[in-house]
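Hello,

Here is the structure I promised to pass along. Please have a look at it first, and then read on for what turned up.

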Amino acid sequence: MSTRADRLAVGLATAGILALGLGVLAIVADISLRHALGISIVGAVDLTQLAQLWCVALVLPLTFLRESNITIDFVTARFPQRCLAALRATVQLLCAVFLFALTFYGAQQAYSQIAQGDVSQTIGIALVWYWAPLLCGLFLSGSATLLLAWHETQRTLMRTTP
């Protein structure tokens, strides 16, 4: 697989995991302060939700690129390699269509909410900070599936497959 694509996906996943770590720290600090001093961090829930979204959205491209999503292959396990590669290419193309559709319609919804000035409930985080990583993650996941579809198409067209 493309090393540049893999490096980009690993970098994004690392950023997503770091964001989740910061969200966990915010919750731990909130609970500790509430227990020790009786005070709470205003907006801890908003920050944690944002961190979770960043994590999921930024890890998603790596999941698709490395084909780490759950598959059930007991039906296809006995297919000839070229037939299996053709099926995988088709499935990857369908995933790409779905992910790009999610990106497109998500962008429309994001534009609508951002234009209205929508913000998070507690501390008023602009929704662009929620939408940007999600749309980026969906678009890059769609791109990853296109890369995989290309790879599987090449395997289909080869006389021998590894």
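Let me start with a small puzzle: is Glu-67 buried, partly exposed or exposed? With a relative accessible area of 39%, Glu-67 is partly exposed. Please keep in mind, here and below, that this is a predicted model. Glu-67 sits in the loop between helix 2 and helix 3, and its backbone deserves a glance too. The phi angle of Glu-67 is near 50 degrees, a positive value in a residue other than glycine. For context, most residues other than glycine have a negative phi.

Now to the helix packing, beginning at the N-terminal end. Helix 1 covers residues 3-37 and helix 2 covers residues 44-65; their axes lie 7 Å apart and make an angle of about 160 degrees. Since angles over 145 degrees count as roughly antiparallel, helix 1 and helix 2 are therefore roughly antiparallel to each other. The crossing of helix 1 with helix 2 is left-handed. Sorting the residues of this contact by type gives 20 nonpolar, four polar and two charged.

One residue to look at in helix 1 is Ala-19. Ala-19 counts as buried because its relative accessibility is 14%, and the cut-off for buried is under 20%. If residues up to four places away in sequence are not counted, Ala-19 touches Ala-51 and Trp-54. As a longer distance to check in your viewer, the C-alpha atoms of Ala-19 and Gly-117 are separated by 24 Å, with their positions 98 residues apart along the chain.

The other helix pair is helix 3 (residues 81-115) with helix 4 (residues 128-157). Their axes come within 7 Å and cross at roughly 160 degrees, which makes helix 3 roughly antiparallel to helix 4. Helix 3 and helix 4 also cross in a left-handed sense. In the contact of helix 3 with helix 4, the residues divide into 21 nonpolar, twelve polar and four charged.

Ile-125 is found in the loop between helix 3 and helix 4. Is Ile-125 buried or exposed? Ile-125 counts as buried, because its relative accessibility is 13%. Leaving out neighbours within four places in sequence, Ile-125 is in contact with Asp-46, Leu-47, Leu-50, Val-119, Ser-120 and Tyr-130. The C-alpha atom of Ile-125 is separated by 15 Å from that of Gln-52, which is 73 residues away along the chain.

Finally, the cysteines. How many disulfides does a search of the whole structure find? The search finds zero. Cys-55 is in no disulfide, and the nearest cysteine sulfur to it, that of Cys-136, is 14 Å away. Seen from the other side, the sulfur of Cys-136 has its closest cysteine sulfur in Cys-55, and at 14 Å that is too far for a bond; the cut-off for a disulfide is a pair of sulfur atoms within 2.5 Å. As for their surroundings, Cys-55 counts as buried at 13% relative accessibility, whereas Cys-136 counts as partly exposed at 32%.

Have fun with it, and write back whenever you like.

Best wishes

Note on methods
Residues are numbered from 1 along each chain as its sequence is written. This is a predicted model: local features need pLDDT of at least 70, side-chain atom pairs count only at pLDDT 80 or more; totals for chains, interfaces and linings use all residues. Side-chain values use heavy atoms; hydrogens and water are left out. Axes are lines fitted to C-alpha atoms, for helices over the stretch in contact, and angles run from 0 to 180 degrees between N-to-C directions. Helices (H or I, at least four residues) and strands (E, at least two) are DSSP runs, numbered from the N terminus. Angles under 35 degrees count as roughly parallel, over 145 as roughly antiparallel, 65 to 115 as roughly perpendicular and the rest as oblique. A crossing is left-handed if the near helix is turned anticlockwise from the far one by less than a right angle, and right-handed if clockwise. Ala, Val, Leu, Ile, Met, Phe, Trp, Tyr, Cys and Pro count as nonpolar, Asp, Glu, Lys and Arg as charged, and the others, Gly among them, as polar. Buried means under 20% relative accessible area, exposed over 50%, partly exposed in between (1.4 Å probe, protein chains only). Contact means heavy atoms within 4.5 Å.
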